[in-house]
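Student: I would like a close look at one part of this protein: how its helices pack against one another. Please take it slowly and keep to what the model shows.

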Amino acid sequence: MYIKKDNIVISTVRSNKSKYEYYIPSKHLVTRWFNILNEEIFNNEVHPFKNISITRKSDCHAWHQGCYNGDYIFGELSLNDTFENKTYFLYTLAHEMIHQWQWMKYNKTDHGQTFMKWKNKLEKFEIPLGVSI
Ligand SMILES: [Zn+2]
């Protein structure tokens, strides 16, 4: 697998990593970066979130909620309204996208084997995969 040095994910992660410039996500920005990460990293295997909410959080950066509605299954994303920079926003979104992928594929989310399966791929894009977000 080859990745161009000027890949949009890598260049964005690098150029914002040490910035102290708050990043305020909007649903539009989340959707834009969801599409980019899905294309670049996840082979477009991640189903879109049914709902994205952006609210102030004090104890975490984001959470993923797996849901059922009758015969249907879907996932929702809730994101903090402020990130310390754009790079941390991307780390967080990538983490939650793995939970969405797990939920839609296996109907469960955790930080086990199916989560860590993405670790090497994310490292190629300079995104560390941690269990807390
Ligand atoms: Zn998690």
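Tutor: What follows goes from the whole chain to the helix contacts, and then to one residue near the end of the chain.

The model is a predicted one. The protein chain has five helices and three strands. Read from the N terminus, the order is α-α-β-β-β-α-α-α. Along the principal axes, the C-alpha atoms fill a box of roughly 45 × 35 × 25 Å. The radius of gyration is 14 Å, which agrees with the value near 14 Å for a compact globule of 133 residues. Of these 133 residues, 25% count as buried. Among contacts between residues at least 6 apart in sequence, 73% join residues at least 24 apart.

Now the helices. Two packed helices are described by the angle between their axes and the distance between the axes. Take helix α2, residues 27-40, and helix α3, residues 86-106: they pack at an angle of about 65°, and their axes are 11 Å apart. Angles of 65 to 115 degrees count as roughly perpendicular, and α2 and α3 are therefore roughly perpendicular to each other. Their crossing is right-handed. On the α2 side the contact is made by Val-30, Trp-33, Phe-34 and Leu-37, and on the α3 side by Leu-90, Leu-93, Ala-94 and Met-97. By class, the residues of this contact are eight nonpolar, no polar and no charged.

Helix α3 also packs with helix α1, residues 8-16; the axes of these two come within 7 Å and cross at roughly 130°. The helices α1 and α3 are therefore oblique to each other. From α1 the contact takes Thr-12, Val-13 and Asn-16, and from α3 it takes Lys-86, Thr-87 and Leu-90. The residues of the contact of α1 with α3 divide into two nonpolar, three polar and one charged. Leu-90 of α3 is listed in the contact with α2 and also in the contact with α1.

The last item is Gly-130, which lies in the segment after α5 (119-124). Is Gly-130 buried or exposed? A residue is exposed if 12 or fewer other C-beta atoms lie within 10 Å of its own. Gly-130 has 9 other C-beta atoms within 10 Å, so Gly-130 is exposed. The C-alpha atom of Gly-130 is separated by 7.9 Å from that of His-95, and the two residues are 35 residues apart along the chain.

Terms used
Residues numbered from 1 in each chain as written. Predicted model: local features only at pLDDT ≥ 70, side-chain atom pairs only at ≥ 80, totals over all residues. Axes fitted to C-alpha atoms, helices over the stretch in contact; angles between N-to-C directions. Helix = DSSP H or I, 4+ residues; strand = E, 2+ residues; numbered from the N terminus. Parallel < 35°, antiparallel > 145°, perpendicular 65-115°, else oblique. Left-handed = near helix turned anticlockwise from the far one by under 90°. Contact = placed C-beta atoms within 7 Å. Nonpolar A, V, L, I, M, F, W, Y, C, P; charged D, E, K, R; others polar. Rg over C-alpha atoms; globule rule 2.2 N^0.38 Å. Buried ≥ 20, exposed ≤ 12 C-beta atoms within 10 Å, placed from the backbone.
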